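Student: I'm new to this one and would like a close look at a single part: the salt bridges. Could you walk me through them and what sits around them?

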Amino acid sequence: MDRIKELLREWASYHIDRRHGWPTQAAFATERVQSSNRSTETYQEMPDIIVKLNTEVERLAPGFKQILRLEYFDRRPQKVKAAVLGIPREVFSVRLRFIHEQLDHLMFEEGL
């Protein structure tokens, strides 16, 4: 289970806007133009495994995606995240564990 949590942390890092600290849809696609030589510098493209994980995350039910995004983009305690959704903390934890199990299976055990 640790491998999917580590992969999800890496996935989240590709979706956090480094300038402002909140998630964006395509933070990795931002371009900057350097004034000295007018060349463009883009963020590193996502590795294939992160693209695959992003695809699987997008296939989740909206409620599960909301839990996953709160867990990996919001630094508040889990009880606050659960309160945001209006569910008990225990329910939040059970659903998060289910999401981890599902993604772990889809990412690492599908081809076996």
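**Salt bridges and their surroundings**

Tutor: Let's get our bearings before we zoom in. The chain has five helices and two strands, and starting from the N terminus the elements come in the order α-β-β-α-α-α-α. Keep in mind that this is a predicted model. Out of the chain's 112 residues, 31% count as buried. The chain exposes about 7,500 Å², and 50% of that comes from carbon and sulfur atoms. If you take contacts between residues at least 6 apart in sequence, 56% of them join residues at least 24 apart.

Now to the part you asked about. Side chains of opposite charge can pair when their charged atoms come close. Searching the whole structure turns up nine salt bridges. We'll go through some of them, beginning with one that involves R3.

R3 and E109 meet through their side chains in a salt bridge, at 3.5 Å from N to O. R3 belongs to helix α1 (residues 2-14) and E109 to helix α5 (residues 89-109), so this pair ties together parts that are 106 residues apart in sequence. How open are the two partners to the outside? R3 is partly exposed, with 42% relative accessibility, and E109 is also partly exposed, with 34%. There is a further member to add here: D104 is linked with R3 and E109 in a network of salt bridges.

Stay in helix α1 for the next pair, R9 and E6. Their salt bridge has its closest N and O atoms 3.2 Å apart. Both residues lie in α1, three residues apart, which is about one turn of the helix. R9 is partly exposed at a relative accessible area of 44%, and E6 is partly exposed at 45%.

R9 also shows up where α1 meets another helix. On the α1 side, K5, L8, R9, W11 and A12 make contact with L68, R69, Y72 and F73 of α3. The two helices pack with their axes 10 Å apart, at an angle of about 80°. An angle of 65 to 115 degrees counts as roughly perpendicular, and α1 and α3 are therefore roughly perpendicular to each other.

W11 has a link of another kind as well. Its side chain and that of N54 are joined by a polar contact of 2.8 Å. N54 sits in helix α2 (residues 48-59). Once neighbours within four places in sequence are set aside, N54 is in contact with W11 and H15.

Back to salt bridges, this time starting from α3. E71 forms one with K81, and the closest N and O atoms are 3.4 Å apart. This pair links distant parts of the chain, ten residues apart, with E71 in helix α3 (residues 62-73) and K81 in helix α4 (residues 78-85). Are these two buried or exposed, or somewhere in between? E71 is partly exposed, at 23% relative accessibility, whereas K81 is buried, with a relative accessible area of 4%. The cut-off for buried is under 20% relative accessible area, so K81 at 4% falls below it, while E71 at 23% does not.

K81 also touches a residue in the stretch that joins these helices. D74 is found in the loop between α3 and α4, and at 15% relative accessibility D74 counts as buried. Not counting residues up to four places away in sequence, D74 touches R69 and K81. R69 should ring a bell, as one of the α3 residues that meet α1. The side chain of D74 also has a polar contact of 2.6 Å with the side chain of R76.

Two more residues help fill in helix α4. K79 is in α4 and counts as exposed, with 58% relative accessibility. K79 and E90 are eleven residues apart along the chain, and their C-alpha atoms are separated by 8.7 Å. V80 is in α4 too, and with 28% relative accessibility V80 is partly exposed. V80 and L70 are ten residues apart in sequence, with 10.0 Å between their C-alpha atoms.

To put the main pairs side by side: R3 with E109 ties α1 to α5, R9 with E6 stays within α1, and E71 with K81 links α3 and α4.

Note on methods
Residues are numbered from 1 along each chain as its sequence is written. This is a predicted model: local features need pLDDT of at least 70, side-chain atom pairs count only at pLDDT 80 or more; totals for chains, interfaces and linings use all residues. Side-chain values use heavy atoms; hydrogens and water are left out. A salt bridge is a side-chain nitrogen of Lys or Arg within 4 Å of a carboxyl oxygen of Asp or Glu. Helices (H or I, at least four residues) and strands (E, at least two) are DSSP runs, numbered from the N terminus. Buried means under 20% relative accessible area, exposed over 50%, partly exposed in between (1.4 Å probe, protein chains only). Contact means heavy atoms within 4.5 Å. Accessible areas come from the Shrake-Rupley method with a 1.4 Å probe; for residues, only the protein chains shown count as cover. A polar contact is a pair of N or O atoms within 3.5 Å; within protein, one must be able to donate a hydrogen and the other to accept it, and residues adjacent in sequence count only if both atoms are side-chain atoms. Axes are lines fitted to C-alpha atoms, for helices over the stretch in contact, and angles run from 0 to 180 degrees between N-to-C directions. Angles under 35 degrees count as roughly parallel, over 145 as roughly antiparallel, 65 to 115 as roughly perpendicular and the rest as oblique.
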